[in-house]
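Reader: I'd like a close look at one part of this model, and then a walk outward from there. Could you take me through it in one go?

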Amino acid sequence: MGISALIITKNEEERISDCLESIKWVDEIVLVDSYSSDRTVETAAKYTDKIYKREFDNFSNQKNYGLKKTTCDWIINIDADERVSIELKNEILEILEDNMSFDAFEIPIKTYFLGKPMK
């Protein structure tokens with residue numbers, strides 16, 4: 001049972017490296033880029049060769065296009081400004097290793113504004 005990570009991007013050069021670094025443990029990373037004009041694609045290429053370009057029309061279509069490119073049983077949908085903590089990584093791997101029977105997981109997120117967590 002593998003894990004794919006799906007990311008959609010456009011001009012995320014400043015954030016994509018930290019995101020990809022936090023998910024480099026997954027089995028495959030699929031990135032759908034909306035023709036970035038910065039170095040997003042070049043940076044992502046250091047982590048994956050599964051980079052697809054698609055003109056952005058809406059988030060649903062972009063994500064669904066990317067989902068069709070994944071090959072693993074599990075998919076983590078992550079944005080370029082998000083990170084997977086070590087604790088979350090370990091929890092995901094432990095659950096999958098224990099072969100628990102789930103169809104999906106909800107992952108709570110921490111939202112920050114002006115560098116401070118929102119409640």
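Which loop does Tyr35 lie in? Once that is placed, carry on to the other parts.

Author: Happy to. Keep in mind that this is a predicted model. Tyr35 lies in the loop between β2, residues 28-33, and α2, residues 40-44. Its backbone is the curious bit: Tyr35 has a positive phi of about 55° although it is not a glycine. Most residues other than glycine have a negative phi. As for cover, Tyr35 counts as partly exposed because its relative accessibility is 43%.

Asn11 makes a good companion. Asn11 also shows a positive phi of about 55° without being a glycine. You'll find Asn11 in the loop between β1 (3-9) and α1 (16-22). With 34% relative accessibility, Asn11 counts as partly exposed.

Now step back into strand β1, where Ala5 has its place. Ala5 is buried, since its relative accessible area is 0%. Follow the chain on to Cys72 and you have gone 67 residues from Ala5, yet the two C-alpha atoms are separated by 9.2 Å. Leu6 offers a similar story with Asn64: these two are 58 residues apart in sequence, and their C-alpha atoms are 10.0 Å apart in space. Asn64 lies in helix α3, and at 40% relative accessibility Asn64 counts as partly exposed.

Helix α3 has another residue to look at, Lys63. The side chains of Lys63 and Asp79 meet in a salt bridge, with 3.6 Å from N to O. Asp79 sits in the loop between β4 (74-77) and α4, while Lys63 belongs to helix α3 (residues 59-69), so the pair ties together parts that are 16 residues apart in sequence. The two partners fall into separate accessibility classes: Lys63 counts as buried at 14% relative accessibility, whereas Asp79 counts as partly exposed at 33%. The cut-off for buried is under 20% relative accessible area, and partly exposed runs from there up to 50%.

That pair isn't alone. The count comes to five salt bridges, and two others deserve a stop here. In one of them, Asp57 pairs with Arg54, the closest N and O atoms being 3.0 Å apart. Asp57 is partly exposed, with a relative accessible area of 44%. In the other, the side chains of Glu21 and Lys24 meet at 2.4 Å, N to O. Glu21 is partly exposed too, given its relative accessible area of 35%. As general background, side chains of opposite charge can pair when their charged atoms come close.

While you're around Arg54, have a look at strand β3. Tyr52 has its place in this strand, which covers residues 51-53. At 24% relative accessibility, Tyr52 counts as partly exposed. From Tyr52 to Thr71 is 19 residues along the chain, and their C-alpha atoms are separated by 14 Å.

Next, the surface further along the chain. Glu91, Glu94, Glu97 and Asp98 form a negative surface patch. Glu94 is found in helix α4, which runs over residues 86-97. Unlike the partly exposed residues above, Glu94 counts as exposed, because its relative accessibility is 52% and the exposed class begins over 50%.

After the charged patch comes a nonpolar one. Phe102, Phe105 and Ile107 make a nonpolar surface patch of about 260 Å². Phe105, one of the three residues in this patch, lies in the loop between α4 and β5 (112-113). Phe105 is partly exposed, with a relative accessible area of 38%.

Last, the annotation. UniProt, in an unreviewed entry, places the feature "domain: Glycosyltransferase 2-like" at residues 4-99. In this model, that span is 36% helix and 20% strand, and its end C-alpha atoms lie 17 Å apart.

So where does that leave the part you asked about? Tyr35 is a loop residue between β2 and α2, partly exposed at 43% relative accessibility, with a positive phi of about 55°. If you want a second spot to set beside Tyr35, try Asn11, in the loop between β1 and α1, where phi is also positive at about 55°.

How values were computed: Residues are numbered from 1 along each chain as its sequence is written. This is a predicted model: local features need pLDDT of at least 70, side-chain atom pairs count only at pLDDT 80 or more; totals for chains, interfaces and linings use all residues. Side-chain values use heavy atoms; hydrogens and water are left out. Patches are made of residues with over 30% relative accessible area and no salt bridge: like charges are joined within 9 Å, nonpolar side chains (Val, Leu, Ile, Met, Phe, Trp, Tyr) within 5 Å. Accessible areas come from the Shrake-Rupley method with a 1.4 Å probe; for residues, only the protein chains shown count as cover. A salt bridge is a side-chain nitrogen of Lys or Arg within 4 Å of a carboxyl oxygen of Asp or Glu. Lys and Arg count as positive and Asp and Glu as negative; His and the chain ends are not counted. The place of a charge is taken as NZ of Lys, CZ of Arg, CG of Asp or CD of Glu. Helices (H or I, at least four residues) and strands (E, at least two) are DSSP runs, numbered from the N terminus. Buried means under 20% relative accessible area, exposed over 50%, partly exposed in between (1.4 Å probe, protein chains only). UniProt positions are given in the numbering used here, feature names are shortened, and annotations may be inferred rather than shown by experiment.
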